[in-house]
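Thank you for making the time this morning. I would like to walk you through one structure, going from place to place, and I will take questions at the end.

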Amino acid sequence: MNAHTADATTVEESLAIQEQQAVLDSETATAVAMQDTLLTPRFYTTDFEALDAIDVTPVRADWDALIAEMQADPNKGHFRKDETWDHVDWDGMEPELRKEFIDFLISSCTAEFSGCVLYKEMKRRGSNHDVTELFQLMARDEARHAGFINDALREAGIAVNLGFLTQKKKYTYFRPKFIYYATYLSEKIGYARYITIFRHLEAHPEKRFHPIFKWFREWCNDEFRHGEAFALLMKTDPKLTSGVNVLWIKFFLTAVFATMHVRDHQRPEFHKALGVDTDWYGQEVFRKTSELSRQIFPITLDIDHPRWARGLAALQEASVAIDTARKRGGVAGKLAQWAGSARAAGAFLSLLTIPARRHEVPASPRLEPVY
């Protein structure tokens with residue numbers, strides 16, 4: 001019986017299975033995953049010694065409960081095709097939808113694997129049992145997710161060579177606190193995105209054009225637990241969520257929300273096929289993520305402010321202009337790119353300067369997924 005990433009109990013085992021499958025992977029998909037732009041998932045590295053020095057004593061009770069939940073491995077064996085996996089007519093799929101959906105899958109696979117690489121490296125470099133145990137468990141989950149998406153991609157005749165990405169993709173250095181903010185938000189917004197799509201398709205199953213969406217509930221619960229872990233890591237040091245760091249939190253909230261808005265508007269046929277209005281979907285995900293982030297962040301963004309929707313629209317228009325100018329090329333194209341970049345910077349600054357909403361942070365950050 002062939003080994004499957006769904007059954008792997010460690011990240012090393014999962015990656016070994018995926019390495020065996022790499023002979024089937026597509027150069028085109030891997031090239032897309034290798035791209036480094038403001039909108040594509042990145043690979044990160046950080047100060048691993050600082051992470052190894054974390055003392056979880058202040059959150060010990062919540063920490064042990066979360067670790068026990070992750071050790072129980074509720075999703076072991078889940079991320080594999082079973083009898084409910086419907087046949088996908090890739091050749092009969094509308095070409096633009098096929099293109100956008102494959103882009104969605106490649107981007108999702110790269111993002112999941114990015115987390116796997118970072119967490120695995122944290123585990124490898126550390127000696128702090130609490131920290132290395134957590135990152136081993138999270139790396140295990142992310143490797144499964146990436147492997148499952150690659151299984152779906154192989155039906156379309158392509159897949160991402162994840163081992164090649166590990167060796168060749170550019171790594172971006174982030175200070176530990178920036179890793180906390182960015183990764184926490186990535187995990188929580190991932191939960192909000194997946195559960196919003198899952199609940200929508202529960203109510204409108206006729207819009208489920210691919211079987212992978214059936215797996216989104218358990219998938220997003222993994223994302224939720226990972227976000228809980230980063231909330232606890234931030235709770236160990238009050239300075240991370242106070243003082244000047246609140247400004248950094250606001251920056252990352254704005255950047256993550258704005259990036260999602262622009263990226264989603266690049267896939268109109270994907271959202272049309274799901275029967276989802278992209279603007280509604282974005283606001284719904286922002287609301288869920290904002291509500292969840294109250295567990296650890298002392299502020300939320302005012303996404304109902306009049307400048308919010310206008311700023312996002314201006315940012316999207318600037319992004320389209322930049323892409324058009326890049327394709328045009330030449331001196332005129334370069335000048336147009338600079339002009340578009342200036343417009344994008346102005347739109348982002350407008351979003352960033354919207355006054356935030358403040359609130360009291362609860363003593364315990366632990367939450368349960370309820371959406």
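Let me begin with a question: in which helix is the place of Thr-278? It is helix H12, which covers residues 278-293, and I should say at once that what we are looking at is a predicted model. Thr-278 has a relative accessible area of 15%, and because the cut-off for buried is under 20%, Thr-278 counts as buried. If we set aside residues up to four places away in sequence, Thr-278 touches Asp-264, His-265 and His-271.

Let me turn now to the helices that can be checked against an expected span. Helix H5, residues 95-125, is built from 31 residues, and the distance from its first C-alpha to its last is 45 Å, close to the 45 Å expected at 1.5 Å a residue. At the N-terminal end of H5 there is a cap, provided by Glu-94, which places a side-chain oxygen 3.0 Å from the backbone nitrogen of Glu-96.

Helix H8, residues 176-203, can be treated in the same way: its 28 residues should span 40 Å at 1.5 Å a residue, and its end C-alpha atoms are 40 Å apart, so the two values agree. As for its surroundings, 24 of the 28 residues of H8 are buried, and the helix is therefore largely enclosed by the rest of the structure.

While we are on helices, let me point to Ala-347, which is found in helix H14, residues 330-352. Ala-347 has a relative accessibility of 6%, so it counts as buried, and its contacts, again leaving out residues up to four places away in sequence, are with Gly-311, Ala-314 and Leu-315. If you look from Ala-347 towards Lys-188, which is 159 residues apart from it along the chain, the two C-alpha atoms are separated by 25 Å.

At Glu-12, in helix H1, residues 11-21, the picture is of another kind. Glu-12 is partly exposed, with a relative accessible area of 34%, and it touches Lys-120, Lys-123 and Gln-136, not counting residues up to four places away in sequence. Glu-12 and Arg-124 are 112 residues apart in sequence, and their C-alpha atoms are 11 Å apart in space.

Let me move to the loops, starting with the one between helix H4, residues 60-71, and H5, where Asp-73 is found. The phi angle of Asp-73 is near 55 degrees, a positive value in a residue other than glycine, and at 12% relative accessibility Asp-73 counts as buried. Glu-83 also lies in the loop between H4 and H5, but with a relative accessibility of 73% Glu-83 counts as exposed. From Glu-83 to Val-256, which is 173 residues apart from it along the chain, the C-alpha separation is 36 Å.

In the loop between H6 and helix H7, residues 162-168, we find Gly-157, which counts as exposed at 56% relative accessibility. The C-alpha atoms of Gly-157 and Trp-85 are separated by 17 Å, and the two residues are 72 residues apart along the chain.

Finally, let me come to the interior space. How many cavities of 30 Å³ or more does a search of the whole structure find? The search finds one, and about 40 Å³ of space lies in this largest cavity. The residues that line the largest cavity are Phe-48, Leu-51, Asp-52, Met-122, Gly-126, Val-131 and Thr-132. Two elements give two or more residues to that lining, namely helix H3, residues 48-52, and helix H6, residues 129-154. Which element gives the largest share of the lining? That is H3, with three residues. By character, the lining residues of the largest cavity divide into four nonpolar, two polar and one charged.

That brings me to the end of what I wanted to show, and I am happy to go back to any of these places.

Terms used:
Residues are numbered from 1 along each chain as its sequence is written. This is a predicted model: local features need pLDDT of at least 70, side-chain atom pairs count only at pLDDT 80 or more; totals for chains, interfaces and linings use all residues. Side-chain values use heavy atoms; hydrogens and water are left out. Helices (H or I, at least four residues) and strands (E, at least two) are DSSP runs, numbered from the N terminus. The expected span of a helix is 1.5 Å times one less than its number of residues. A polar contact is a pair of N or O atoms within 3.5 Å; within protein, one must be able to donate a hydrogen and the other to accept it, and residues adjacent in sequence count only if both atoms are side-chain atoms. Buried means under 20% relative accessible area, exposed over 50%, partly exposed in between (1.4 Å probe, protein chains only). Contact means heavy atoms within 4.5 Å. On a 1 Å grid over the protein atoms alone, a cavity is a set of points where a 1.4 Å probe fits but cannot get out, and a pocket is an open set with protein on both sides within 12 Å along at least five of seven lines; lining residues have an atom within 4 Å of a point. Grid points are joined across faces, edges and corners, and a volume is the space filled by probe spheres set on the points. Ala, Val, Leu, Ile, Met, Phe, Trp, Tyr, Cys and Pro count as nonpolar, Asp, Glu, Lys and Arg as charged, and the others, Gly among them, as polar.
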